[in-house]
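Here is a set of short exercises to work through with the model open beside you. Try each task yourself before you read its solution.

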Amino acid sequence: FKAEDYGCIRPPSNLKQSERYLIIYEGIELLIEKYRPTALVVETQFLYKNVQTALKLGMARAAAMLAARKQGIAVFGYAPTVAKRAVVGNGRASKSQVQGMVKLLLGLPTLPEPEDAADALALAICHAQASPLNREKNEI
C-alpha cells in the first residue's frame, strides 16, 4: 500500500455551519478530481455522548459521501473497530496504536497527523484488504 496524500479538511470554526459543510464538500471534490479514486470509505458508527457533535460529524460525513456519489464513486462504510482490527489486529486499539501501525504499513517517515488522518488511512487499508463479498456488504 502507498499513501498518495492524507490530512484533514478543517474549515474555520468562525464560519456558518452551511459554509463549513460546503468547504468539506468542495475539498472532497478537489481531491476526487486530483486522484480519481474508485471508492470513498467512511466510518459507519458515530458513538458520541454529545448529540451536537454527533450531528455535526454526521453532516460532514454526508457532505463527503455526496461529493463522491455525484462523481459516480462507490461509498463504503466500516465500523471503527473493524478498521482498527484490520491494521492493529485489535478492534479496541488506541489512537496511538493505529497511528503507529498505519505508519509501518504505509512506510511513512513519521506518524500520520492528525489522528483523524490516521483513522482515515486505517479505513482505506481496511477496505483494500476486504474481500469482494465483504466490500459489497459494506457499500452504503
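**Exercise 1: a residue after the last helix**

Asparagine 138 is buried, with a relative accessible area of 16% (buried means under 20% relative accessible area, exposed over 50%, partly exposed in between, with a 1.4 Å probe and protein chains only). Before going on, note that this is a predicted model, in which local features need pLDDT of at least 70 and side-chain atom pairs count only at pLDDT 80 or more, while totals for chains, interfaces and linings use all residues. Residues are numbered from 1 along each chain as its sequence is written, and side-chain values use heavy atoms, with hydrogens and water left out.

Task: find where asparagine 138 lies and which residues it touches, not counting residues up to four places away in sequence.

Solution.
- Step 1. Locate asparagine 138: it lies in the segment after α6 (132-137). Helices (H or I, at least four residues) and strands (E, at least two) are DSSP runs, numbered from the N terminus.
- Step 2. List the partners: asparagine 138 touches Val75, Phe76, Gly77 and Tyr78, with residues up to four places away in sequence left out. Contact here means heavy atoms within 4.5 Å.

**Exercise 2: the strand side of that contact**

Task: look at glycine 77; is it buried or exposed, and what is it in contact with beyond its neighbours within four places in sequence?

Solution.
- Step 1. Place the residue: glycine 77 is part of strand β2 (residues 74-78).
- Step 2. Check accessibility: with a relative accessible area of 4%, glycine 77 is buried.
- Step 3. Leave out neighbours within four places in sequence, and the contacts of glycine 77 are Val42, Thr44, Asn138 and Ile140.
- Step 4. Select the C-alpha atoms of glycine 77 and glutamate 139: they are separated by 6.4 Å, although the two residues are 62 apart along the chain.
- Step 5. For a second long-range pair, take glutamate 136 and phenylalanine 76, which are 60 residues apart in sequence and 8.4 Å apart in space, C-alpha to C-alpha. Glutamate 136 sits in helix α6 and counts as exposed at 59% relative accessibility.

**Exercise 3: the cores**

Task: which members of the largest nonpolar core touch the most other members?

Solution.
- Step 1. Set the rule: a nonpolar core is a set of buried Ala, Val, Leu, Ile, Met, Phe, Trp, Tyr and Cys residues joined through side-chain atoms within 4.5 Å.
- Step 2. Apply it: the largest core has 15 residues, and Ile24, Ile28, Leu40, Ala68 and Val75 touch the most other members.
- Step 3. Trace where this core comes from: α1 (17-35), β1 (39-43) and α2 (51-70) each supply at least two residues, and α2 gives the largest share, 6 residues.
- Step 4. Zoom in on leucine 40: apart from neighbours within four places in sequence, it is in contact with Ala64, Met65, Ala68, Ile73, Ala74, Val75 and Phe76.
- Step 5. Look for another cluster: a second, separate core of 9 residues includes Val87, Val98, Leu121 and Ala122.

**Exercise 4: three helix pairs**

Task: how are α3 and α5 oriented to each other, and which residues make the contact?

Solution.
- Step 1. Start with the axes (lines fitted to C-alpha atoms, for helices over the stretch in contact, with angles from 0 to 180 degrees between N-to-C directions). Those of α3 and α5 come within 8 Å and cross at roughly 80 degrees.
- Step 2. Name the orientation: α3 and α5 are therefore roughly perpendicular (under 35 degrees is roughly parallel, over 145 roughly antiparallel, 65 to 115 roughly perpendicular and the rest oblique).
- Step 3. Pick out the contact: Val82, Ala83, Ala86 and Val87 of α3 meet Ala122, Leu123, Ile125, Cys126 and Gln129 of α5.
- Step 4. Now compare helix α4 (residues 95-106) with helix α5 (residues 115-129): they pack at an angle of about 55 degrees, their axes 9 Å apart, and are therefore oblique to each other.
- Step 5. Finish with helix α3 (residues 80-88) and α4, which pack at about 50 degrees with axes 9 Å apart, so this pair is oblique as well.

**Exercise 5: two backbone details**

Task: where is the cis peptide bond that involves proline 114, and what is the phi of arginine 36?

Solution.
- Step 1. The cis bond joins glutamate 113 and proline 114, with omega about -10 degrees; proline 114 lies in the loop between α4 and α5.
- Step 2. Arginine 36 has a positive phi of about 50 degrees although it is not a glycine.
- Step 3. Arginine 36 is in the loop between α1 and β1 and is exposed, with a relative accessible area of 58%.
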